[in-house]
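Work through the exercises below with the model open beside you. Try each task before reading its solution.

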Amino acid sequence: MQSSSCSVLLIDDETLAQDYLLHCLESHIDITLCYEHCSERAVELAVQHRATIVLVDLRMPGVDGFGVLGSLRADPRTEHLPIVLLSSEHDAEVKVRAFEAGANDYLVKWPHPRELVARLRYHSAAYVARRERDEAFASLARSQEELRASQAALHQAQKMEAIGQLTGGVAHDFNNVLQIIGGNLQLVKLMGGLSDNARNRIDSALTGVERGGRLAAHLLAFARRQPLQAVVIDPSAVLLEMEEMLRRVLGPQAHIGSDIAPGCWSTAVDPSQLHNVILNLAINARDAMPHGGELTLRSRNIRAGSPELAKVGDGDYVMLEVADTGKGMPPDVLERAFEPFFTTKPTGQGTGLGLSMSYGFVKQSGGEIVLDSTPGQGTSVKIFLRRSAAEAMPEEEDTGDAPLFGGVETILVVEDEEAVRDTTAALLSTLGYRVLQAEDADQAARIVDNGVNIDLLFTDVIMPGKLSSLQLADKVRDRCPEAQVLFTSGYAEGVLAHEGRVDPGVSLLPKPYNPEVLSARIRHMLRRRRAAA
């Protein structure tokens, strides 16, 4: 209940004092009075009745007025409460002692009613004003803290957006350069006649190309600009499938345990990227347990409204957890764990992109990632992915001994980067395909309009010209209904991907790619074409 503007607490062992105050205040309805003869309850009653001023008799049995004054000033809840000592003594020394002890006023019994009311209003108003001022300052401090937090969050979001824009702008050209280097090295290998030393040098260079490609992919994943090819999967099955591989990654010193709840829901996610995330988390766990430990893979269904989802979101989620018993992270490291390139590992032993890539992938997939760590006890990374209403898609069956390279079909290669186009065309020609080349979608459209029948269109996504790659694909499908379309790009955000996910039915081969991956993807699509026919 809201207190009155002036709430008086009277502590006096004589009830006459109560009667006198009631008489003085009977016409002042905004002033309330609480009377107590027991001085030991002063603090309790002042807080309970939200007193704005206390009148205390100086001479009382037991705890006197000075004792009450001391107890009120000693309690943080009442230390600023106005206190007026009542006494029949005019002794100046007593008055001085009262003010030194912290009294706000000293009244000789009994003042005129008008004077008494005036003093009560004055001290009470001053106290209320001080309380409102303190509350205003506290509110201002909270607002400033919230503003600082909002500004920090905005700064972080702006920093991440700047990193994303920079990453996206660089990734396309960077991956094209890697494709040129890797493609030509692969062609040199296919030419044959190399010494063992030359072949080793080429293999070493190709390993560098792969590392560069992974670096660009991790940066794109952190910036949430990596095109995701999501399918509905059983995430618990993914954990179980990876268990054996993770045993080899962790080595004999670490023990892997699984805690997979039965009947886990399905979720729509890019399975290859999810594999990368689990693998990166396992590698981090291994590095945190140099002398061995335990890694636990866990999955759970988390229903809407569960306390675990308080900071995650509404709806049903599947929770995947990778937990270790390693060194753990102190709070300052935990705070920066998701930052790109931040690492506590020695130079050369980590890029600082593992957790940041995981963070970007989970966020881009519409989920949430929660990191918890205690020094000396270990680290837990929980990934929350939204439940899918669809059932998990079965894996594609193995095609057995069918060759994954070479063919005689006609492939139209469309690429504005001449060096990339030449190396890709040369590679496909080496594999036996009939290869046509176009430097942009407009030139490719003219080839198709001339009646040339093609079996597969292999086109870059982002190219100059009036015609886009998507429009070219539509034209090819219109002229050659059985033709397959395979897109490739180093960075394709906003063209094939919407909200970070590649549209269903779109086949995308990220750059840089190697001959094995390219030939396998093309053969798979051409077999699918024959099966459909």
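**Exercise 1. Classify Trp110 by accessibility, then find its ring partner.**

Step 1. Trp110 has a relative accessibility of 27%, so Trp110 counts as partly exposed. The scale runs as follows: buried is under 20% relative accessible area, exposed is over 50%, and partly exposed lies in between (1.4 Å probe, protein chains only).

Before going on, note the ground rules. This is a predicted model, in which local features need pLDDT of at least 70, side-chain atom pairs count only at pLDDT 80 or more, and totals for chains, interfaces and linings use all residues. Residues are numbered from 1 along each chain as its sequence is written, and side-chain values use heavy atoms, leaving out hydrogens and water.

Step 2. Rings of Phe, Tyr and Trp (its six-membered ring) pair if their centres lie within 6.5 Å; planes under 30 degrees apart are stacked, over 60 edge-to-face, the rest tilted. The count comes to two aromatic pairs.

Step 3. Tyr20 and Trp110 form a tilted pair, with 4.9 Å centre to centre and 35° between the planes.

Step 4. Place both residues. Tyr20 lies in helix α1 (residues 15-25) and Trp110 in the loop between β5 (105-108) and α5 (113-191), so the pair ties together parts 90 residues apart in sequence. Helices (H or I, at least four residues) and strands (E, at least two) are DSSP runs, numbered from the N terminus.

**Exercise 2. Classify the pair Phe458 and Tyr513.**

Step 1. The ring centres of Phe458 and Tyr513 are 5.7 Å apart and the planes stand at 70°, so this pair is edge-to-face.

Step 2. Phe458 sits in strand β15, and Tyr513 in the loop between β19 (508-510) and α14 (515-532); the two are 55 residues apart.

Step 3. Check burial. Phe458 is buried at 2% relative accessibility. Tyr513 is buried at 8%.

**Exercise 3. Which residues does UniProt list for "modified residue: 4-aspartylphosphate"?**

Step 1. The unreviewed UniProt entry lists Asp57 and Asp460. UniProt positions follow the numbering used here, feature names are shortened, and annotations may be inferred rather than shown by experiment.

Step 2. Asp57 is in strand β3 (residues 53-57). Asp57 is buried, with a relative accessible area of 6%. Leaving aside neighbours within four places in sequence, its contacts (heavy atoms within 4.5 Å) include Asp12, Asp13 and Lys109.

Step 3. Asp460 is in strand β15 (residues 456-460). Asp460 is buried, with a relative accessible area of 0%. With the neighbours within four places in sequence left aside, Asp460 has contacts including Glu415, Asp416 and Lys511.
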